[in-house]
Amino acid sequence: MTQDLFRQDAYLRECSAQLTAVTEAGIVLDRTVFYPLGGGQAGDSGVLVLADGAQLAIADTRKGKDAEGNPTSDIVHVPAPGQEALLATLAPGTTVTARIDWERRHRMMRLHTTSHLLCHVVPQLVNGCSITPDYARLDFAMTDPLDKEQLTAAIAALVAAAHPLTVASISDEELDANPTLVKSMSVQPPRGTGRIRTIRIGGDGSDGGAPLIDLQPCGGTHVANTSEIGPIVVTKIEKKSATTRRVVLGFAP
């Protein structure tokens, strides 16, 4: 089992960890700051720094699977090719410093939070998404046309309003009682622990306080405030099918 430190603090850039296994899939640690591919968000890259200062380049991060292909509680750090000699020196119990490519991760955090803002601007179900360091795309189940300039302006206003983000959780029963919290048709929140992680943008909308902008289950990494996102533009809108409109987000040039 790998302790996922990024769930509690997306701003952690590195941590000390012990190696628990080296498999054909990659390297498993007892704890990590590396986010594994999932929920539409790409896996982290970075390095594992050994005690002697040697660095093992990590090209990707994935969720572990057992021999039957079922998900496990491990997080697998996939080494870049051409490092066989260094890999041969690793053994369970080895202490390393796990360090993510922070600039790459932070770009994904900014785009991921923007995708939640887009869910507020376009209140339709999402049937596909992808969060990368360079762009984010969401496929909305809808038939009406969308306007790039209008969407860009609406997102810019939400970014400038400096809405805070809050990481919390709800119970399985609370989610069952509020099924509209799930905006995605293609990715369902993971269950099994009894608690489901949520991301809230804005306040709770009660008693005249700050308005609620968005609330949905999400296991990804996000910025702490929308003002941190910076200038974002809608780069493309596509009609993917009669019932699907794709919106692609990118950083303003």
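User: How many salt bridges does a search of the whole structure find?
Analyst: The search turns up nine salt bridges, each being a side-chain nitrogen of Lys or Arg within 4 Å of a carboxyl oxygen of Asp or Glu. Keep in mind that this is a predicted model, where local features need pLDDT of at least 70, side-chain atom pairs count only at pLDDT 80 or more, and totals for chains, interfaces and linings use all residues. Residues are numbered from 1 along each chain as its sequence is written, and side-chain values use heavy atoms, with hydrogens and water left out.

User: OK, what does Arg99 form a salt bridge with?
Analyst: With Glu14, and the closest N and O atoms are 2.8 Å apart. Arg99 is in strand 8 (residues 95-100) and Glu14 is in strand 2 (residues 14-22), so this pair ties together parts that are 85 residues apart in sequence. Helices (H or I, at least four residues) and strands (E, at least two) are DSSP runs, numbered from the N terminus.

User: Is Arg99 buried or exposed?
Analyst: Neither: Arg99 is partly exposed, with a relative accessible area of 32%. Glu14 also counts as partly exposed, at 40%. The cut-offs are under 20% relative accessible area for buried and over 50% for exposed, with partly exposed in between (1.4 Å probe, protein chains only).

User: And which residues sit in the network with Asp139?
Analyst: Arg137, Asp139 and Arg246 are joined into one network by salt bridges that share partners. Within it, the side chains of Arg246 and Asp139 meet at 2.6 Å, N to O. Arg246 belongs to strand 15 (residues 244-251) and Asp139 to strand 10 (residues 135-141), 107 residues apart.

User: Are Arg246 and Asp139 buried or exposed?
Analyst: Arg246 is buried at 16% relative accessible area, and Asp139 is buried at 8%.

User: What about Asp4, where does its side chain go?
Analyst: The side chain of Asp4 meets that of Arg7 in a salt bridge, 3.0 Å from N to O. Asp4 is partly exposed at 24% relative accessibility, and Arg7 is partly exposed at 21%.

User: Switching to strands. Which ones make up the closed barrel?
Analyst: The barrel has six strands in the order 2-3-7-6-5-8, with antiparallel pairing. Two strands pair if DSSP finds at least two bridges between them. From one strand to the next the twist averages 50°; axes there are lines fitted to C-alpha atoms, for helices over the stretch in contact, and angles run from 0 to 180 degrees between N-to-C directions.

User: How many bridges join strand 6 and strand 7?
Analyst: Six, in the antiparallel sense, between strand 6 (residues 55-65) and strand 7 (residues 71-79). Arg62 has Val76 in strand 7 as its bridge partner.

User: And strand 14, what does it do with strand 15?
Analyst: Strand 14 (residues 232-241) runs antiparallel to strand 15, and eight bridges join them. One bridge partner pair is Ile232 with Phe251 in strand 15. A hairpin of two residues connects these strands.

User: Last topic: which residues have the most contacts inside the largest nonpolar core?
Analyst: Leu29, Leu48, Leu118, Phe140 and Leu249, in a core of 48 residues. A nonpolar core is a set of buried Ala, Val, Leu, Ile, Met, Phe, Trp, Tyr and Cys residues joined through side-chain atoms within 4.5 Å. Helix 2 (residues 102-121) gives the most to this core, with seven residues.

User: What does Leu48 touch?
Analyst: Not counting residues up to four places away in sequence, its contacts (heavy atoms within 4.5 Å) include Ile27, Leu29, Phe34, Leu56 and Val96.
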